[in-house]
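Open the structure in your viewer and get ready to select a few places one after another. We will begin with the whole protein and then move in.

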Amino acid sequence: MTTDNSRRRIVITGMGVVSAAGVGAANLWAAAKSGGSCIRELKLARPYTGRIKIAAQVPEFDPARYIEAALLPYCDPFTQFSIVAADEAVAQAGFAGKDIGGPRTAVVIGTGIGGATTIDETSYGEYAEGKRPDTLSVPRLIPSAAPTTLGMRYGAKGPTFALASACSSATQAIGEAFEMLRAGRADRAIAGGAEACVTNGGMRAWEALRVLTPDLCRPFSAKRNGMTLGEGAAVFVLETLESAQARGATPLCELAGYGTTSDAFDPLRADVDGPARCMRLALESAGLEPSAVDYLNAHGTATYANDITESEAMRVVFGDRPPPVSSTKPIHGHALGASGGLELSVTINALREQLAPPTINFLEPDPKCPVDAIPNAARKMRIRVALSNSFAFGGINATLAVRAL
């Protein structure tokens, strides 16, 4: 272990994804860079009479293909997604089974809700059908089900916990794992986010907020009218550069910095100061100036006020010409606690391929969002440093900085 933990360099050596593009990080990246939306007709187990008929759901997902029969009864879909994404990440990082585990391996998984499907089904069974809850309902629905299941799967005995901060959950989970490694509290971490909230009750609740678009998600564009609910998981293997080099692993990128702040302002409305401070803290953590940032993956929900606030925050940090920015939520939906992980996966691939994904469905610039939103078509460009933003209800902000090695 290095004696100066503040100088420990942290790298990402594996990543895995389950998204509306299917299973695998490569599938999500293929959709993102081509501008192929994965938002489809809403499919639910019970009839749905709401107004919004679209969502970004994981297509044709059969958990039995990936997860042992003995484990499945304990797993809500959000845990299932976590397992599949983590298995991909661990394999890419070059670990077999429990080789990644031990007392110096942490597990941190973010989720906005946890076992939403189990909650929805149990509630419907109780109130509408008079059915007795399944014996394993509680182990399935608790948010800590995902990280503890992964901990047991890989023999990880270091700090293990769930982190719930709404739409910033995955980004904070990855960032807090990064801080643990940098501080010397662990040498490796399995970190990310998962959500499976496209349920009857979930859709009703989000409709009530009047933030869902009935047609197309258009971040930063004129005539934008809201977001599309999504689901999935993204999980990453973090380790010290020293550890990766010692075992001959090839890092995907350096996780260079992390910032997190609270607006302490409003339950629903964002403030400019909190997101701006968050981005600045991530840059300070990475030892970078704003001018070093080549690309920014935005929170970009396509709700009217959020995009204006995020644009203003970027201009506070970067001046009159922020770096090119895109929101990939029109591709994979807004997966709440998993979104930051899905977007970090896209950001890492953008860094590796030197290709910034587009903000699709863009009609024309909104003067209140004066940013270069990379409209409709991917852009080949030099990307050495990139940021990924996540800003949540309640004013919880999180930003990650990644750097090419």
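Start by selecting Glu284, which sits in helix 9. Is Glu284 buried or exposed? Its relative accessibility is 63%, so Glu284 counts as exposed. Now add Ala256 to the selection: the two residues are 28 apart in sequence, and their C-alpha atoms are 9.8 Å apart in space.

**The whole protein**

Zoom out now. Keep in mind that this is a predicted model. Its secondary structure consists of twelve helices and 15 strands. Along the principal axes, the C-alpha atoms fill a box of roughly 60 × 50 × 40 Å. How does the radius of gyration fit a compact globule? For 405 residues such a globule would come out near 22 Å, and the protein has 20 Å, which agrees.

Try colouring by accessibility: 61% of the 405 residues count as buried. The accessible surface comes to about 15,500 Å², and carbon and sulfur atoms hold 52% of it. Contacts tell a story about the fold too. Among those between residues at least 6 apart in sequence, 79% join residues at least 24 apart. If you colour by charge, look for 39 positive and 40 negative side chains, with the centres of the two sets 2 Å apart.

**Helix 10**

Select residues 304–318, which make up helix 10. What span should its 15 residues have? At 1.5 Å a residue the expected span is 21 Å, and the end C-alpha atoms lie 22 Å apart, which agrees.

Next, show the side chains of the buried residues in helix 10, among them Ile308, Met314, Val317 and Phe318. Asp307 and Glu310 are also on the list of buried residues. To see what covers these positions, switch on helix 9 (273–286) and strand 14 (385–391). Strand 10 (295–297) and strand 11 (325–326) are part of that cover as well. You have already met helix 9, as the home of Glu284.

Step just past the end of helix 10 and you reach Gly319, with a positive phi of about 85°.

**Helix 5**

Move to residues 145–154, helix 5. Eight of its ten residues are buried, so the helix is largely enclosed by the rest of the structure. The buried set includes Leu150, Arg153 and Tyr154. Which elements do the buried residues of helix 5 pack against? Select helix 2 (77–92), helix 4 (137–141), strand 5 (105–110), strand 6 (160–163) and strand 7 (188–195) to see these partners.

After helix 5 comes Gly155, and its phi is positive, near 65°.

**Two stops in loops**

Most residues other than glycine have a negative phi. The last two stops take a positive value instead.

Select Phe220, in the loop between helix 7 (200–209) and strand 8 (232–240). Phe220 is not a glycine, yet its phi is positive at about 65°. With 1% relative accessibility, Phe220 counts as buried, since the cut-off is under 20%.

Finish at Ala302, in the loop between strand 10 and helix 10. Here again a residue that is not a glycine has a positive phi, this time about 75°. Is Ala302 buried or exposed? Ala302 has a relative accessibility of 0%, so it counts as buried. From Ala302, you can look back at helix 10 and at strand 10, one of the elements that cover its buried residues.

Terms used:
Residues numbered from 1 in each chain as written. Predicted model: local features only at pLDDT ≥ 70, side-chain atom pairs only at ≥ 80, totals over all residues. Heavy atoms only, no water. Helix = DSSP H or I, 4+ residues; strand = E, 2+ residues; numbered from the N terminus. Rg over C-alpha atoms; globule rule 2.2 N^0.38 Å. Buried < 20%, exposed > 50% of the residue type's maximum accessible area, 1.4 Å probe, protein only. Contact = heavy atoms within 4.5 Å. Areas by Shrake-Rupley, 256 points an atom, 1.4 Å probe, with all protein chains shown as cover. Lys, Arg positive; Asp, Glu negative; His and termini not counted. Charge placed at Lys NZ, Arg CZ, Asp CG, Glu CD. Expected span 1.5 Å × (residues − 1).
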